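Reader: I have not looked at this one before. Can you walk me through it?
Author: Yes. Have a look first, then ask.

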Amino acid sequence: MAGTEKNYLLIVDDVEMNRAILSSIFEDEYKIIEAENGQEALKMLEQYDGQIAAVLLDVVMPVMNGFEMLQSMKEHNIGQDIPVFLITADASEKNMYEGYSLGVKDIIEKPFIPYFLKQRIRSVVDLYCTKEQLRETVEHQAEIIEEKVKEVNALSRNVIETLALAIEFRSGETGQHIQNIYQLTRILLRALREKGYPGCELSDEQIEQIATASMMHDIGKIAIPDSILNKPGRLTPEEYEEMKIHTLKGAEMIERMPNVEQNPVFSYAYDICRHHHERWDGSGYPDHLAGEENSIWAQIVALADVYDALVSRRCYKEPFEKEKAVQMISSGECGMFNPELVEVFLKIKENL
Amino acid sequence: MKVCELDQYLKVDLEGALARFMGREDMYARFLYKLQQDETFQKLTEAVESQTLSEIERYAHTLKGVLGNLGLEEGYQTSSELVQAVREDHTEKIEPLYLVLKEQMQTYLNVIGMLEQPGQ
C-alpha cells in the first residue's frame, strides 16, 4: 500500500479515454490527478510535492511529450524520488532504451491487461515505500546510536577519571593535578593543530580522546609502595629506580585491559603512561626516546606534568610562581623539551 | 443494440476491452460512442492528403492506442502497420493502408451508431 502521505497517482496522457481507463483501474487505491501533457504534469508535480506515489506517463503528447518531461524533471530535480512508469503504444527498442536511460522504472505497452499493470506498479511503489521507511528507520537509529556513543564516552571518561583520582588520592593529593593535565593537554594540542604541527591534524574528537587518556598518565603508581610514593624528602637512587617503574606498570595495566585495541583512548593512554617521562634529548626514561621518536601527545603530557608539578605544592616542595615555572621549562632546567612545543607553550602561557 | 452484441457485427475483443475498463460496460460504451466525435481520423486524413509524414505517424499512433483499448482489433492492426510504414520509410504503403483503415473506421462508426446511447 502507498504510504499515508503519498496517496496521489498522477496520470499523464493526452487521450481522455486512456486517462479514464487508468483512472478507473487505480481509483480505489489512490487519489487520481490528471494532466494532458508534460507541461501540465510538471506543474502538478510541484503542486502536489511529497504526496505523489507514482506517475503513469504517456510518450506521444502535444506541447510537451513524455521524454521531454522526464528530461525536464531530471534537469530541474523535480520528483526524482517518485517512480515513473511509461505507458505507451510504442514500446520499440529505441523508446525503451530512451525511457530507461531517463530513469523510468517500468515500461508498459498499450493495450495492457489491468491486472498485470496493477501488480507491476504496486510492486515498485511498495519497494519505494519500504525504501523510504528503511531510510527513516536508519536515520532514527543513527540518532539513537549517536546518543548512546555520547553516553558511553561520558561513562568511560568517568571511569578513567575515577581510576586516576583514586591513585592520586593515594599520594595524598586532591585530584586537581589530573584536571590540570587534562586541560593543558587539550590547550596544547589545539594550539599545535592550529600551528599545523606535523602529526597534529587531529579532529576535536581525537583531541578529546588524547586529553582523556592524559588523565591516566600516572596510573602505574598504584604498583609503587606507599613508603616510596609518600616519602617526604628525597628518594634514594634505589627508590628512584623503583619509582620510575610506574611508567612501565601503567603501560602494562592498559595493555591488559580487555578490548583495548577497540578504544583509541587506550592506545593513546598506553603511549602516554609509558613515555611521559621521556625527554627530547633522550635523557628520560624508560625507553630513552629522543626527539620525534616519542609521540607528540606523550611529549605534551610530559611537559604538562612537569609544569603542573612546579606550580603545585608537594610534600617535598613549595609551589613556584607561574612565571618562574614557565621560565624553568623553557630554559631546560627540568630536562629538554621539543623546542617547537616549548614555543607554543610560551604562546599560550597567558591562558594558564 | 447492446455492447455485448457488438461481436455479431464486428471483429472485437470484447473480453479484453471490458477487462481494460474494469468490467464497466457503461464506461466502455461511453468511449465507443465518443469515437463518433473523435477528430483523430479526420486529422489523419488531412495528413495523408498533405503527405505530412510526421503528422501521419502521430495520428496513426494515437488511433492505434484508442482502437487497441476499445478492442477494435482490425483497426488497431491497420493503424499499427501504418505507423510502422512511416517509421520504416515505406511511403508507398501509406495510401493503401489508409484506405483499409478508412473502411474499417466507417464500419466501426456505423455499428457504434446502432448502440443504445450510453447513460440512457
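Reader: Let's start where the chains meet. How many residues does each chain bring to the contact?
Author: Chain B brings 19 residues and chain A brings 17. Keep in mind that this is a predicted model.

Reader: How much area do they bury between them?
Author: About 1,700 Å² is buried between chain B and chain A, and 64% of that is on carbon and sulfur atoms.

Reader: Which three residues of chain B supply more of its buried area than any other three?
Author: B:Arg20, B:Met22 and B:His61. Together they supply 31% of the area that chain B buries against chain A.

Reader: How many salt bridges cross that interface?
Author: The rule finds 2 between chain B and chain A. One pairs B:Lys34 with A:Glu16, where the closest N and O atoms are 2.4 Å apart. There are also 3 residue pairs in polar contact across the interface, counting pairs with both residues at pLDDT 80 or more.

Reader: Which helices of chain B are involved on its side?
Author: Helix H1 (14-20), helix H2 (25-34), helix H4 (53-70) and helix H5 (73-87) of chain B each supply at least two residues of the side that touches chain A. The largest share comes from H4(B), with 9 residues.

Reader: And by class, what is on that side?
Author: The side of chain B that touches chain A has 8 nonpolar, 5 polar and 6 charged residues.

Reader: Back to salt bridges. How many over all chains?
Author: The count by this rule is 30 over all chains. One of them is within chain A, between A:Asp81 and A:Lys6, with the closest N and O atoms 3.7 Å apart.

Reader: What does that pair tie together?
Author: A:Asp81 is in the loop between H3 and strand S4 (84-88) of chain A, while A:Lys6 is in the segment before S1 of chain A, so the pair ties together parts that are 75 residues apart in sequence.

Reader: New topic, the sheet in chain A. What is the strand order?
Author: It is an open sheet of 5 strands in the order S2-S1-S3-S4-S5, with parallel pairing. Strand S2 (31-35) and strand S5 (106-109) of chain A are the edge strands, each pairing on one side only. On average, neighbouring strands of this sheet are turned by 20 degrees against each other, direction ignored.

Reader: How many bridges join S1 to S3 in chain A?
Author: There are 5 bridges between strand S1 (residues 8-12) and strand S3 (residues 52-57) of chain A, and the two run parallel. As one example, A:Val12 has A:Leu57 as its bridge partner in S3(A).

Reader: Where is there a cis peptide bond?
Author: Between A:Tyr285 and A:Pro286, with omega about 5 degrees. A:Pro286 lies in the loop between helix H10 (264-275) and helix H11 (296-311) of chain A.

Reader: What about phi of A:Val63?
Author: Phi of A:Val63 is near 70 degrees, a positive value in a residue other than glycine. Most residues other than glycine have a negative phi. A:Val63 sits in the loop between S3 and helix H3 (66-75) of chain A.

Key. Residues are numbered from 1 along each chain as its sequence is written. Chains are lettered from A and ligands numbered from 1 in the order in which they are written. This is a predicted model: local features need pLDDT of at least 70, side-chain atom pairs count only at pLDDT 80 or more; totals for chains, interfaces and linings use all residues. Side-chain values use heavy atoms; hydrogens and water are left out. Two strands pair if DSSP finds at least two bridges between them. Helices (H or I, at least four residues) and strands (E, at least two) are DSSP runs, numbered from the N terminus. Axes are lines fitted to C-alpha atoms, for helices over the stretch in contact, and angles run from 0 to 180 degrees between N-to-C directions. Contact means heavy atoms within 4.5 Å. Buried area is the accessible area (1.4 Å probe) that two parts lose on being put together, summed over both. A salt bridge is a side-chain nitrogen of Lys or Arg within 4 Å of a carboxyl oxygen of Asp or Glu. A polar contact is a pair of N or O atoms within 3.5 Å; within protein, one must be able to donate a hydrogen and the other to accept it, and residues adjacent in sequence count only if both atoms are side-chain atoms. Ala, Val, Leu, Ile, Met, Phe, Trp, Tyr, Cys and Pro count as nonpolar, Asp, Glu, Lys and Arg as charged, and the others, Gly among them, as polar.
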